[in-house]
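Colleague: Could you take me through one part of this structure closely? I would love a connected account of a single strand and its neighbours.

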Amino acid sequence: MKKKMTKKGGWIMLIMLLALSSIGGWPVGKAYASDEFDSMRENWRVLLTGGEGLDNTDPDIAAAVAKLTTDAQGYWSSMNTSSNRTSLWSNIASTGNSVHIRQTYERLRVMALAYSTEGSGLNGNTVLETDIVQALDYMYATRYHENVTTTPSGTSNWWDWQIGIPLQLNDIVVLMYDSLSPAQIANYAASVEKFTPAVTLTGANRSWKALIVGIRGVLVKDPAKLVATRDGLSQIFDYVTSGDGFYADGSFIQHTRFPYTGGYGLPLIKTMSELLNLLQGTTWQVTDPDLANVWRWVYDAYQPLIYKGAIMDNVRGREISREYSQDHDAGHSAIQSILQLAKVAPPQQAVDFKRMAKAWVAQDTYQSFYESATIPLVSYAKSIAADVSVMPADELLLYKQYSGMDRAVQLRPGYGSGLAMYSSRISTYEAINSENARGWYTSAGVTNLYNGDLGQYSDGYWPTVNSYRLPGTTVLSATGIGNHRSVNHWTGGTEMSGLYGISGMDLTYSGRTLNARKSWFMFDDEIVALGSGITSTDGIAVETIVENRKLSAAGSETLTVNGTAQSSTLGWSDTLTGVQWAHLAGSPPGSDIGYYFPQTADINALREARTGKWSQINTRPGTPSHSITNNYMTMWFNHGANPSAASYEYVLLPNKTSAQVASYAAAPSIEVLANTAEVQAVRDNILGIVGANFWTDGAHEVDFIKSNKKASVMTKESGNGELLELSVSDPTQANTGTIELELDRSAVSYVADPGVTVSQTSPTIKLTVNVNAARGKMFKASFVLGETSTTPNPEPVIVDNLDAGVTMVGTWLVSSARSDRYGANYIHDNKEDKGAKSVTFTTALPLTGTYRVSMMWSEYANRDANIPVDIVHNGGTDTVYINQKDDGGQWNILGTYSFSASGGSVTIRTDGTTGYVLADAVKFEYVP
């Protein structure tokens, strides 16, 4: 029987509701947004929990929710709830140990998540609710409050007090907001304010502080805090040229001199993705134009370093020693952040990010992305996986030199290679806070090969691998080294066509006499490794490690040497003489590796089982101490004790069968041109590429290349010898002047980057490259080869943006704000009416024939990175895409095409773009 509410009863009910409202006592799960702060808080709660409508019938979502419930139940069951307790958990009981306090809040956050997550068996549990709230009051009274006048004594870390603890506490307050009184919320917010009142520090630490200040601002409804959060991000957006932060080439540094894209860079991009979601569409939405750099981080800093779900260990610093964060765990963290960014990125970038994530999630057959992702991102990734309109990204193929952090990466069909070096700018390794005890040689030329064996660097690789013998390094046998920077500047390299590259490192170790000059040449399907000038008086055997590969559980993968299979028994070792080639069979498909030795070599080999513990390389509390055993195949050159000017040459051949390696050794596609202490150089005869590292100043020559300074140089000849491309860098980053090159070729025309001055094209090509303050930048030039004609070529035809031959569709604005332009001004689309605008450059040409077409624009961060340009020529219409964020103030080649004398046209369009599109000038150069 339904009871009728009397007028008096209605007033009583209203008073009760008002009373509940005044203490934050609305029923659990009620979502309301009385103002913008409440709306932001609710959005943050949804970001943490996934909100309403989770598909708990999906097995991966159900598994994630079940795991959360189990973890929370475990913490709750073991929590001390008595009135006379002196801690919440007996194993983290200290009042002065900041780690214990942080871990306490971490456990409470898990419990609050389970309480607030739809589908959890603890969702809305009123007893759990009471215990969490009382625990928060207990921690406020005894551990973390605004009246702490000094940092409590005991084992203490500033990061815990200022970052680790308030991150957890803020989230708990958001999750339990409706169960807390205004006084409780104010108390917890005052605690956070005590330790983190402002956005300070750099890199990841700054992003964390911005998040802490911002969420607290939402909770106490303080607009000034949200202004501070928004404005505090701008420093992170900016590219740096030294110290902590992102560099224009995609490098990321933390702690001044350590590459940390896959370490500190992960919480930075995670926090950034969350903050942008928090601020999007609010009064405090980010308007800084440098926000566009965040999208570039994904393309430049993260995408090249993630291989099928795993992020390369050479950018993870001391975090390689963390059992709970191996390469796939870290890679999945990056993918989650990229998915989060897809929600707020411009349309084109959002699509790209979804495509990347979809491909990585599907490719990672070693470890499921869904096992460790947050529940909201499991749900989001699932929706993308089911969306047939989102195509998985194609396999990324590139070579990338990270001059800002002494790293290089190449991605080829079926494999990826990561190279870690150090210099006077970058340190060998970081080992602080009881982590990374055996990081000695992790930046000393380590060459990590990623292929079909997706678990190669997981499953306890770092505690079991012989850390004295990491692949690619030249070391003092069984001798560790301390953390240091080199006294040598020469570390770096250059690239060609965005696909191939060379790197080098002038190796020396602090406190030791060992020196070596080491180069890597990454071509089409091989990696050539050269070493020269290997000298030591340390009285210790010197070794160069060709391979140290983790094997399967059986450890029986076949090693074939010169066609003969070696023993597959663990414990086997031998000195193999006269080795021309070797082949190591892979266990998963796509993980075979070949080895070719241009000069027949004597190689030591060892097949062994190695046992280690995570606690041996990371002694922080909670690190697992059980034994792990993995099997390894190791091969190395033994240069002997006190070598003088020793050398080595070998070629890695990923994914080749034994028969293919034998065929390669019989007819190699590479030729070692020089391997001395002055020059190391290799030619790839199929690609037409020569790579040369010049180690010393002075007139040095190899093949057809002369250099007067330390330099890294690549050339590529194509079109039956008609075209010569050049790429050069100063890998020392210490040359304040120029590099002079002479190429034994003749040219009839050329284009060159700013900073490159061509003084002669015949009988040889001479040029000067201004590398002052270039910081390892690569300079490019392109030459049309041939003898100089007695008939002068017609002058280039340049069409400026306001010339008679220019036709505009839509509204374009004239500007001269930037100086890196052609002529007096340029025009731009003002980022409006996308898809409806174009500018067409049309001109008559002096002769019928072949012309090189180039375009100039003014670069800036707010420009679009994927602008379509149509070239109409005798053969039809070709479309290319240009990136106006870079390469401003120079002629950028679009291609070479055939035109009649009546001319052709070049049209720049705005459809598909989101940033500014500029139309400046087009040049047609006759190619005889």
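Modeller: Happy to; what follows is a close look at strand β23 and the strands beside it. Please keep in mind that this is a predicted model.

Let's begin with the strand itself. β23 covers residues 679–684, and because six of its six residues are buried, the strand is largely enclosed by the rest of the structure. Its side chains split into two sets: V679, A681 and R683 point one way, while Q680, V682 and D684 point the other way. Both sets are buried, and they include the charged-type names R683 and D684 as well as V679 and V682.

Now for the neighbours. On the N-terminal side in sequence is strand β22, residues 670–675, which pairs with β23 in the antiparallel sense over five bridges. Within that pairing, N675 has Q680 of β23 as its bridge partner. The link from β22 to β23 is a hairpin through three residues.

The next partner is strand β24, made of residues 689–694, and here the pairing with β23 is again antiparallel, over six bridges. V679 finds its bridge partner in F694 of β24. These two strands also form a hairpin, with four residues between them. One residue in that turn deserves a glance: G688 has a positive phi of about 75 degrees.

Put together, β23 pairs with β22 and with β24, is joined to β22 by a hairpin and forms another with β24, and has its residues buried whichever way they point.

Note on methods: Residues numbered from 1 in each chain as written. Predicted model: local features only at pLDDT ≥ 70, side-chain atom pairs only at ≥ 80, totals over all residues. Heavy atoms only, no water. Buried < 20%, exposed > 50% of the residue type's maximum accessible area, 1.4 Å probe, protein only. Pairing = 2+ DSSP bridges.
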